[in-house]
Amino acid sequence: MSTIGPQAVLAAESGEVDPIKLFLPPFYDLFWSAIVLIIIAFVFYKMVLPKFQAVLDERTAKIEGGLAKAESAQAEAAAALAEYHQQLQEARTEAAKIREDARAEGTAIVADQKVKAGEEAARIVETAHRQIEAERQQASVSLRNDVGTLATQLASKIVGESLEDSARQSRVVDRFLDELEAAGAGAASAAANGKEG
């Protein structure tokens, strides 16, 4: 490249040189500058640009791979979420079924226990009635014997003869108790008639 010297400036001021030529370099400078520029462009195009392109392609591939992985992960997460919701729904349905089964089983157990308790109560009442009847009969027999003995002793004192014979004693006791029962029945009917009137 040439520089504009003081002589060229003086020549331009004097009007000998075209002022536009002052800014245009000579042709040989343009030629060799173009050759150097073409060599640099060729080296850049053959060596530097492929490396830049490789780096850009690699980054593009990484970004696309990352996006694909992200989309895949998002799809997997959505599938896992859907499966979780389905399992949760199934678990809720199963829990509701278990609760209903437990409720039904509890109701059946309560009903069964009520039936068993009713049967047990009936058995206890029946046993108590039998025991009361047995005790009543035992008391009746004991009372007959005691009343018979007392009546025989009393009758012996009143009649003045011994009534120790068991057949005679039994007849006296039976007759005495029959009279007592008849008197008790008559008093009961009289009381019933009195209430009605």
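1. Phe31 offers a convenient starting point: its relative accessible area of 40% makes it partly exposed. The coordinates discussed here belong to a predicted model, and each remark below should be taken in that light.

2. The neighbour of interest is Trp32, which is exposed, with a relative accessible area of 53%. The ring centres of Phe31 and Trp32 lie 5.2 Å apart and the ring planes stand at 75°, so this pair is edge-to-face. The assignment follows because planes over 60 degrees apart count as edge-to-face.

3. A further ring pair is formed by Phe44 and Phe52, whose centres are 6.5 Å apart and whose planes meet at 55°, so the pair is described as tilted. Phe44 is partly exposed at a relative accessible area of 41%, and Phe52 is likewise classed as partly exposed, at 49% relative accessibility. The count of aromatic pairs comes to two.

4. Confidence deserves comment before the remaining contacts are considered. The average pLDDT of the protein is 81, and 80% of the residues reach at least 70. Among the elements, helix α3 (residues 27–159) carries the highest mean pLDDT, 88, whereas helix α1 (residues 6–14) carries the lowest, 58. Where pLDDT is low, predicted coordinates should not be read in detail.

5. What secondary structure does the protein contain? The protein has four helices and zero strands, and its pattern along the sequence reads α-α-α-α.

6. What share of the 197 residues counts as buried? The figure for the protein is 6%. The accessible surface amounts to about 16,700 Å², and carbon and sulfur atoms account for 64% of that surface.

7. Seven salt bridges are found in a search of the whole structure. One of them joins the side chains of Glu100 and Arg103, with an N to O distance of 2.7 Å. These two residues are three positions apart in helix α3, which means that about one helical turn separates Glu100 from Arg103. Glu100 is partly exposed, its relative accessible area being 44%.

8. Another salt bridge links the side chains of Lys116 and Asp112 at 3.5 Å, N to O. Here the two partners are four residues apart in helix α3, so Lys116 and Asp112 are again separated by about one helical turn. Lys116 has a relative accessibility of 44% and counts as partly exposed; Asp112, with a relative accessible area of 36%, is also partly exposed. The 3.5 Å distance qualifies because the criterion for a salt bridge is a nitrogen within 4 Å of a carboxyl oxygen.

9. The side chains of Arg130 and Glu126 also meet in a salt bridge, at an N to O distance of 2.5 Å. Arg130 and Glu126 lie four residues apart in helix α3, a spacing of about one helical turn. Are these partners buried or exposed? Arg130 counts as exposed, at 52% relative accessibility, while Glu126 is partly exposed, with a relative accessible area of 44%.

10. In summary, the predicted model describes a protein of four helices without strands, in which 6% of the residues count as buried. The salt bridges of Glu100 with Arg103, Lys116 with Asp112 and Arg130 with Glu126 each connect residues about one helical turn apart in helix α3. Helix α3 is the element with the highest mean pLDDT. Helix α1, by contrast, has the lowest mean pLDDT among the elements.

Technical notes. Residues numbered from 1 in each chain as written. Heavy atoms only, no water. pLDDT = per-residue confidence, 0-100. Buried < 20%, exposed > 50% of the residue type's maximum accessible area, 1.4 Å probe, protein only. Areas by Shrake-Rupley, 256 points an atom, 1.4 Å probe, with all protein chains shown as cover. Phe/Tyr/Trp six-rings, centres within 6.5 Å; stacked < 30°, edge-to-face > 60°.
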